[in-house]
Amino acid sequence: MTSSRVRVRFAPSPTGPLHMGGVRTALYNYLFAKKHGGDFLIRIEDTDQVRSTRASEEAILKSLRWLGLEWDQGPDVGGPHGPYRQSERGDIYRGYADLLIEKGHAFHCFCTSDRLDRLRREQKLNSQPPGYDGLCSGLSATEVADRHAKGEASVIRMHVPREGTCNVPDMLRDPIAIDWKQVDMQVLLKSDGMPSYHLANVVDDHLMEITHVIRGEEWISSTPKHILLYQYFEWDAPTFCHLPLLRNADKSKLSKRKNPTSIDYYQRIGILPEALMNYLGMMGWTMPNGEEKFTLQEMIDNFDITRISLGGPVFDVAKLSWLNGRYIRESLDNQQFGQRLQEWAFNSDYISQFLPMVQDRVELLSDVAPLAAFFFAGMPDVSAEDFANNRIDQPTMSKLLQLVLWKLETERNWDKEHVMADVKAVGDHMGLKLKDMLAPIFVAITGSPRSVSVLDAMVVLGPDLTRGRLRHALNVVGAPSKKQQKELEKEFQQIAAFLD
């Protein structure tokens, strides 16, 4: 590292909505930088060319700004260490991968996906740890050149010691000892020329002069690979800090299977950005005076990263709602409250999306409110009885809602055509008529058996709120048991394969 100034980065992958765990990581990086008078960077890790989209990138940046975070360097504000999208830095990574080969720290691997699949199956059968077996690590430069001349594709893998341990330093923990035999010979450069996360991460952090890497603890097992790359390049490694993961109430990792995890969902149900920021600040860290309501500036002034608790903080939606209520009552006057309502949903941009659907179904202006109320709601107030008046029994309905939810969780093109295709694919798989299968979905989404077009409504509500309502409906009617879910997952793979 050449910089004495604190420099941190948040590096999201633009493959979907911003996860709450990622939001907290961004916040803690920001707080650390501002506490020490340093720089906060945004870097877009979009090397996954299949799943990464510019729309997701724009949504992530918009969400961070909605929260109140600003960055000193990034893809939209520029800076001296750009480009800040990894997809625009391909030549840089190729040069460093070639350098590792020249130094004898990496090698070309020609193993096919079929061979690697067989290797994984054999290792699993023999109760061996998964990982590459080093078959190609001894190829000479001549053999590599000959195979390339024949048109064979290769990846570049890193050499990893097979003996000894790597001590991973961490700001919150004693050094963590990880046996090198547990560390895979990681792919550094893919056959399409794009880098893996590990090579791009290390190269970019060095070139962007990052002094501290603050990220989730799920990356601890990968850190030995990064430390080894710093050693191979003869660079100083940054200081590492791995944050405890956010948890559900049952202490499991926060995931969309049990809780809404997207920042978009909480914005759509009416959480104020300052309340969400405040609450995430409490996730593993507390103010010295114990106060639970505080501003971003107060967080910066009092932030001490060494005071972060290693116990997995529980993301409690009820506690977040309570805190949000305090902000509404204590921090907003009547005029400000009205302004926030307007910004949230009572604005022409949002209303114009569903007004034509409503207009076709009313005779009196007073008919509008009951028909359109669900567009301004969070979770509909529904009971099991609300789902009883249709032709589908409870087990079938539970299966239907679960499969539709899973399919919509994979949908990346949120428009009527794709949403309709997802819903219809599940109905066709289950042998249900469209009218019959839409009946419980109507109730789940709108809170009523009759309303405007439910598919149009799902498009307007957006993916996060739609999926949240389906998840809520599942809890009301009774979700499939764990055993049933395992069987359903097999059926879901058939539906997904059919659409693909």
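A polar contact is taken here as a pair of N or O atoms within 3.5 Å, where, within protein, one atom must be able to donate a hydrogen and the other to accept it. In the predicted model, the side chains of Glu57 and Arg85 form such a polar contact, at 2.9 Å. Glu57 is situated in helix H2, which spans residues 54–67. Its relative accessibility is 3%, and Glu57 therefore counts as buried, the limit for this class being under 20% relative accessible area. When neighbours within four places in sequence are left aside, the contacts of Glu57 comprise Pro14, Ile44 and Pro75 in addition to Arg85.

The largest nonpolar core consists of 101 residues, within which Phe315, Phe375 and Ile441 have the most contacts. Helix H1 (residues 20–35) supplies the largest share of this core, with nine residues. A second core of 42 residues is separate and includes Ala106, Ile156, Met158 and Val168. With residues up to four places away in sequence not counted, Phe375 touches Tyr350, Phe354, Val452, Ala457, Val460 and Leu461.

Of these partners of Phe375, Ala457, Val460 and Leu461 are also among the buried residues of helix H18. This helix, formed by residues 454–461, is mostly covered, with six of its eight residues buried. The buried set is completed by Val454, Leu455 and Met458. Several helices contribute to the cover over these buried residues, including H8 (263–268), H13 (348–359) and H15 (394–409). Helices H16 (416–430), H17 (434–446) and H19 (463–477) are likewise included in that cover. After H18 comes Gly462, which has a positive phi, near 90°.

Helix H19 contains Asp464. The relative accessible area of Asp464 is 11%, so this residue is buried. Apart from residues up to four places away in sequence, Asp464 touches Pro17, Ser262, Asp264 and Tyr265.

The second largest pocket encloses a space of about 330 Å³. Its lining comprises 14 residues, of which Asn389, Asn390, Lys435, Ala439 and Pro449 are the closest to the pocket centre. By residue class, the lining of this pocket divides into six nonpolar, six charged and two polar residues.

Methods:
Residues numbered from 1 in each chain as written. Predicted model: local features only at pLDDT ≥ 70, side-chain atom pairs only at ≥ 80, totals over all residues. Heavy atoms only, no water. 1 Å grid on protein atoms, 1.4 Å probe; cavity = no way out; pocket = protein on both sides within 12 Å on 5 of 7 lines; lining within 4 Å. Points joined across faces, edges and corners; volume = space filled by probe spheres on them. Nonpolar A, V, L, I, M, F, W, Y, C, P; charged D, E, K, R; others polar. Helix = DSSP H or I, 4+ residues; strand = E, 2+ residues; numbered from the N terminus. Buried < 20%, exposed > 50% of the residue type's maximum accessible area, 1.4 Å probe, protein only. Contact = heavy atoms within 4.5 Å. Core = buried A, V, L, I, M, F, W, Y, C linked by side-chain atoms within 4.5 Å.
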